[in-house]
Amino acid sequence: MIIFTQHAIIRMKERVISRKDVKIMIQNPDNIYRSFDDRVIFQKKIKSKTLEVIIKKDDRKTIILTCYWL
């Protein structure tokens, strides 16, 4: 199950990032990095930009905290 926080939804609208792009990229990222407090950073190059998504994951769900273009 993938859950989008309200913060992530707002940022996605501002940055023109679709839920579809986020779901595809977390299933097949180019890079994965550990962050603080059990957060994980996913990166994927899409066309000429890199999409970065910050998630928190447990056994049953993936929570999308925020996302942005690099």
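**Strands and helices in a predicted model**

Biologist: Which strand does strand 1 pair with, and in what sense?

Modeller: This is a predicted model, and in it strand 1 covers residues 2-4 while its partner covers residues 62-69. Ile2, for one, stands opposite Thr62. Three bridges hold the pair, which is with strand 5, in the parallel sense.

Biologist: And how many bridges join strand 4 to strand 5?

Modeller: Strand 4 spans residues 49-57 and runs antiparallel to strand 5. Glu52 sits opposite Tyr68 there, and Ile54 has Thr66 as its bridge partner. The two strands make a hairpin with four residues between them. The bridges joining them number seven.

Biologist: OK, so which strands stand at the edges of the sheet?

Modeller: Five strands make up an open sheet with mixed pairing, in the order 1-5-4-3-2. Each edge strand has a single partner, so one side of it is left without a neighbour in the sheet. Those edges are strand 1 and strand 2 (31-34).

Biologist: What does the twist average from one strand to the next?

Modeller: Take the five strands in their sheet order, 1-5-4-3-2. Going from one strand to the next, the twist averages 30°.

Biologist: Now the helices: what angle does helix 1 make with strand 5?

Modeller: Helix 1, residues 6-15, packs on the sheet and touches strand 1 as well as strand 5. Its direction and that of strand 5 make about 25°.

Biologist: Which strands does helix 2 lie across?

Modeller: Helix 2 takes in residues 19-27 and runs at about 75° to strand 4. The strands it lies across are strand 1, strand 3 (39-46), strand 4 and strand 5.

Key
Residues are numbered from 1 along each chain as its sequence is written. This is a predicted model: local features need pLDDT of at least 70, side-chain atom pairs count only at pLDDT 80 or more; totals for chains, interfaces and linings use all residues. Side-chain values use heavy atoms; hydrogens and water are left out. Two strands pair if DSSP finds at least two bridges between them. Axes are lines fitted to C-alpha atoms, for helices over the stretch in contact, and angles run from 0 to 180 degrees between N-to-C directions. Contact means heavy atoms within 4.5 Å.
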